[in-house]
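Take a look at the model below. Two helix pairs and two pockets will serve as the route through it.

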Amino acid sequence: SKEIEIVGIYDPSENSLRLDMWKNSDGKKILDLFSKIEKIDLSRDSKEILKISLLTNSYFPSKNISNDQFLKLKHDWLLKNSDLNLIEEYLIKNKKIKNNYKLIKFLVDEYLSKSELEKSCKILSKLNYPTEDKYLSKFNIYCLINSNKKEEAQLQFDLQKELGFEDIFFEKKFNYLMKYDTSIDETISEKNILDFHLSHRANPDF
C-alpha cells in the first residue's frame, strides 16, 4: 500500500494556506510548541486557528518528526476537543490513516454512553476499522447481528477465530444472539451485552 502523504479535512485554499505548509518545518520545534500549547488556556480564536492549522489537508513535515508523531498531535487534539462530528468527519475523510483506533473507540463509546447504539454501529459501517482490535471487532459483530446481517456476522466471527481470537463469554453471546443456543442465560442478556461494551471505558483491556 502507498504511504499516506496528505491528511486533513479542509482545503488549503479555503484559508489561504498551502499543501506544503508543514513540509519544511522542524519537527522538534513543532513538538515543543504543542507541548507548550497543552499548558495554555487558549482563547476561542486561538482554538479556531489551531484547528485549521491541524486539520487542513497538508503534507507531513519531513524533519525531526515521524509521520506517526505528527498524526498523534492531530489525534490527541481531536480527543481533547471532543467534537464528535469533527472526529467523524476526520475519520471518514482519512480512512487509510494508521493508528486511528483510539478515535474510533472514543466515538463508539461516546455514542454508547448516550444510548445511541445505532450511531455507534453506523460509525463502524462507514469506516475501515482495524480488524486486529478485539474490542471494535466484537462490537462490529454485535452490530451486524443487531441489524439482522447474520451471514456477515458469521463471516466476521470466523475471521476472528482464524486470527486466534479466544473469548468464551463472547462466544456464548454470539451463539445466543445467532440462536444457535436458545438456553436462557442472564449473563448474556442484551442489557448485559451493552453493559459489557460500555465497561470498556473503565477497563480498555477487558
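The paragraphs below go through the helix pairs, then the pockets.

This is a predicted model, in which local features need pLDDT of at least 70, side-chain atom pairs count only at pLDDT 80 or more, and totals for chains, interfaces and linings use all residues. Residues are numbered from 1 along each chain as its sequence is written, and side-chain values use heavy atoms, with hydrogens and water left out.

Start with helix 3 and helix 4 (residues 84-93), which pack at an angle of about 150° with their axes 8 Å apart. Helices here are DSSP runs (H or I, at least four residues), numbered from the N terminus. Axes are lines fitted to C-alpha atoms over the stretch in contact, and angles run from 0 to 180 degrees between N-to-C directions. Helix 3 is therefore roughly antiparallel to helix 4; that term covers angles over 145 degrees. From helix 3, Leu71, Lys74, His75, Trp77, Leu78 and Asn81 meet Leu86, Ile87 and Tyr90 of helix 4. Contact means heavy atoms within 4.5 Å. By class, this contact has six nonpolar, two polar and one charged residue. Ala, Val, Leu, Ile, Met, Phe, Trp, Tyr, Cys and Pro count as nonpolar, Asp, Glu, Lys and Arg as charged, and the others, Gly among them, as polar.

Now move to helix 5 (residues 101-113) and helix 6 (residues 117-126). Their packing angle is about 160°, and their axes lie 7 Å apart. Helix 5 and helix 6 are therefore roughly antiparallel too. Ile104, Leu107, Val108, Tyr111 and Leu112 of helix 5 meet Leu117, Lys119, Ser120, Ile123 and Leu124 of helix 6. Eight of the residues in this contact are nonpolar, one is polar and one is charged.

Next, the pockets. A pocket is an open set of points on a 1 Å grid where a 1.4 Å probe fits, with protein on both sides within 12 Å along at least five of seven lines; lining residues have an atom within 4 Å of a point. The largest has a volume of about 310 Å³. Its lining has 16 residues, with Ile37, Glu38, Leu50, Trp77 and Lys80 nearest the centre. Helix 3 gives the most to this lining, five residues. Nine of the lining residues are nonpolar, two polar and five charged.

The second largest pocket holds about 260 Å³ of space. Among its 14 lining residues, Cys121, Ser125, Cys143, Ser147 and Lys149 are closest to the centre. Helix 6 supplies the largest share of this lining, five residues.

Methods. Helix = DSSP H or I, 4+ residues; strand = E, 2+ residues; numbered from the N terminus. Parallel < 35°, antiparallel > 145°, perpendicular 65-115°, else oblique. Points joined across faces, edges and corners; volume = space filled by probe spheres on them.
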